[in-house]
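Reader: Hi! I'd like to walk through this model with you, starting with its empty spaces. Shall we take it question by question?

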Amino acid sequence: MEAIEPSTLPVCDPSSITACAHPATPLDSVALEEEYVQIARDLDGDAPSHETGDAYLAGTNALYHGGPIQWSFVPKIFSRRDLGYLAWIAETMGGIMEKVTARFVEDAAFRAHFGLDPRIEALACMPNAFPVQIPIARVDIFLDERTGAFKFCELNTDGSSGMLSSTEVTRTNLLTETGTRFAQRHALEVFDIYRACAEAVLACYRDAGGTSASPQVVAVDYAESIVREEIEEYGRVFAEHGASLRFADIRDLRYEDGVLYDVQGSVDCVWRRVVISEMLEKPCPGADAFMACAEAGTVPIVGGFRTWPCATKTVFAVLHSPAVRDILTPEELDFIQAHVPATYLVDEATDLARFRDREAWIAKPRDGYNSIGVRAGRDCTDEEWRQVLAEMAATHGTVQEYVTPYASLNIEGGVAGIGRPFEPYMNMEGLFLFDGRFSGVFTRCGQAAVIGEFAGRLNMGCLVVDDA
């Protein structure tokens with residue numbers, strides 16, 4: 001059977017998705033993915049497609065340490081009806097994040113609840129050149145597709161990644177024999193996350209008064225932290241929109257007479273990918289220049305620095321505190337109570353005995369990123385967990401209610417999965433928001449208690465079924 005060419009599939013238009021707070025359960029994804037697994041079983045595991053997938057990924061930019069990324073043989077498959085529910089989840093939290101950010105900037109008493117480094121607090125209060133507070137975000141959730149119940153894992157803002165992995169693994173799934181046969185049975189769509197994100201960045205540039213017909217947009221980060229391959233893919237998409245995008249190491253920036261420069265020349269607009277806490281950990285003249293430019297407000301910086309409060313691990317504790325009661329509606333407060341896991345800021349004075357049941361908790365550094373330093377109690381011995389808690393107290397970290405993720409049958413893609421049985425893998429969905437609108441999904445799965453890059457996670461593709 002001839003493989004489906006991914007580029008021929010229709011793109012799922014975010015503007016056509018209507019948010020819906022009341023899903024039909026179980027979600028259609030449950031039956032759709034069971035069908036996908038059965039097709040693979042009927043093909044005796046579809047071993048040749050594992051090799052086909054690796055061969056395809058090896059020729060793309062979706063690499064990890066020089067080889068194909070770890071990918072999931074079964075993609076996440078949602079129906080159009082399912083997407084309405086995902087949109088409601090993402091856009092409700094997006095609205096809450098906007099309100100919290102606005103209050104953070106205007107109210108010093110509210111800022112104090114976050115307990116941020118004074119340098120970060122000052123950066124977050126710098127001017128914003130466009131109406132939206134957080135133009136780019138990804139909210140991560142644990143969604144039980146059988147019941148519709150969900151809880152948030154964390155909130156990510158302008159440095160949100162996963163776009164390249166999601167796109168390329170989706171293409172890989174469609175090139176397999178299993179994916180091809182599934183596509184013959186259903187009307188499929190795919191998300192164009194690149195386009196939605198690029199359009200959000202350029203909309204911010206225009207809203208900030210940018211007038212260049214061909215703006216020079218620079219993605220700023222540390223060379224050792226940026227996913228260069230992702231920026232290269234974005235370069236193509238920005239060019240299609242009449243703009244250019246390049247990467248600049250923050251160390252190479254300089255700011256003179258109201259103009260920001262990198263090694264290639266002047267900059268019309270910045271897409272901030274650098275994580276603020278990392279920037280403060282690695283001081284350099286370029287970072288000083290970047291902050292001076294932001295303070296002057298002469299160059300649009302997409303996201304500025306004010307997106308950071310909602311990306312911290314402390315934000316969930318703030319959301320559960322009385323401080324938000326006069327900011328949010330009763331419906332939003334109920335949403336938080338039901339779907340944001342209990343989170344506690346700890347320090348030397350905290351009675352850590354309440355967290356002794358390690359199976360019930362997960363520890364996260366206060367200003368952490370990329371799952372660095374995250375430890376689930378169920379992955380620790382009793383002694384290791386005591387040490388983790390002591391470290392969190394000493395560094396003023398957070399302890400959060402552990403949520404057991406929904407598990408679905410899956411198997412590792414590529415040659416590593418050949419001959420192995422389908423097993424339960426726990427899922428985590430990342431819901432992309434661009435200009436406040438739900439615009440795509442980045443799903444990961446794993447068998448460890450932390451579904452992280454350093455815990456053997458698999459990157460999942462995402463298909464949309466539109467059989468109506």
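Reader: How many cavities of 30 Å³ or more does the count come to?
Author: Happy to start there, and keep in mind that this is a predicted model. Rolling a probe the size of a water molecule over the atoms shows where empty space is left. With 30 Å³ as the lower limit, the count comes to 1 cavity.

Reader: Which element gives the largest share of the lining of the largest cavity?
Author: The largest cavity holds about 40 Å³ of space, and its lining includes Cys153, Glu154, Leu155, Val315 and Phe316. Two elements give two or more residues to this lining, namely strand 5 (150–156) and helix 12 (315–319). The largest share, 3 residues, comes from strand 5.

Reader: How many of the residues lining the largest cavity are charged?
Author: Among the lining residues are Glu154, Lys313 and Lys364. The lining divides into 4 nonpolar and 2 polar residues, and the charged ones number 3.

Reader: Turning to the open spaces, which element gives the largest share of the lining of the second largest pocket?
Author: About 440 Å³ of space lies in this pocket. It is lined by 24 residues, and the closest to its centre are Thr167, Arg171, Val190, Phe191 and Asp192. Helix 6 (163–175), helix 8 (193–207) and helix 9 (228–240) each give two or more residues to the lining. The largest share, 6 residues, comes from helix 6.

Reader: And how many of the residues lining the second largest pocket are nonpolar?
Author: The lining of this pocket also mixes residue classes, with 5 polar and 6 charged residues. The nonpolar count is 13.

Reader: Which residues have the most contacts inside the largest nonpolar core?
Author: In soluble globular proteins, nonpolar side chains tend to be buried together. Here the largest nonpolar core has 130 residues, and helix 3 (residues 80–106) gives the most to this core, with 11 residues. Met279 touches Leu123, Tyr222, Ile250, Val274, Ala287, Phe290, Met291 and Phe305, leaving aside residues up to four places away in sequence. The residues with the most contacts inside the core are Phe152 and Met279.

Reader: How far apart are the end C-alpha atoms of helix 1, and why does that agree with its length?
Author: Helix 1 (residues 28–42) has 15 residues, so at 1.5 Å a residue the expected span is 21 Å. The model agrees with that expectation, because the end C-alpha atoms are 22 Å apart.

Reader: What covers the buried residues of helix 1?
Author: Buried residues of this helix include Val30, Leu32, Tyr36, Val37 and Ile39, along with Glu33 and Glu35. Their cover includes helix 3, helix 6 and helix 7 (177–185), as well as strand 3 (76–79), strand 18 (407–410) and strand 22 (462–465).

Reader: Which residues does the cis peptide bond before helix 1 join?
Author: Most residues other than glycine have a negative phi, and most peptide bonds are trans. In the segment before helix 1 lies Pro26. Omega is about -5° at a cis bond, and the pair it joins is Thr25 and Pro26.

Reader: Is Asp257, with its positive phi, buried or exposed?
Author: Asp257 has a phi near 50° and sits in the loop between strand 9 (254–256) and strand 10 (259–262). Its relative accessibility is 81%, and exposed means over 50%. Therefore Asp257 counts as exposed.

Conventions:
Residues numbered from 1 in each chain as written. Predicted model: local features only at pLDDT ≥ 70, side-chain atom pairs only at ≥ 80, totals over all residues. Heavy atoms only, no water. Core = buried A, V, L, I, M, F, W, Y, C linked by side-chain atoms within 4.5 Å. Buried < 20%, exposed > 50% of the residue type's maximum accessible area, 1.4 Å probe, protein only. Helix = DSSP H or I, 4+ residues; strand = E, 2+ residues; numbered from the N terminus. Contact = heavy atoms within 4.5 Å. Expected span 1.5 Å × (residues − 1). 1 Å grid on protein atoms, 1.4 Å probe; cavity = no way out; pocket = protein on both sides within 12 Å on 5 of 7 lines; lining within 4 Å. Points joined across faces, edges and corners; volume = space filled by probe spheres on them. Nonpolar A, V, L, I, M, F, W, Y, C, P; charged D, E, K, R; others polar.
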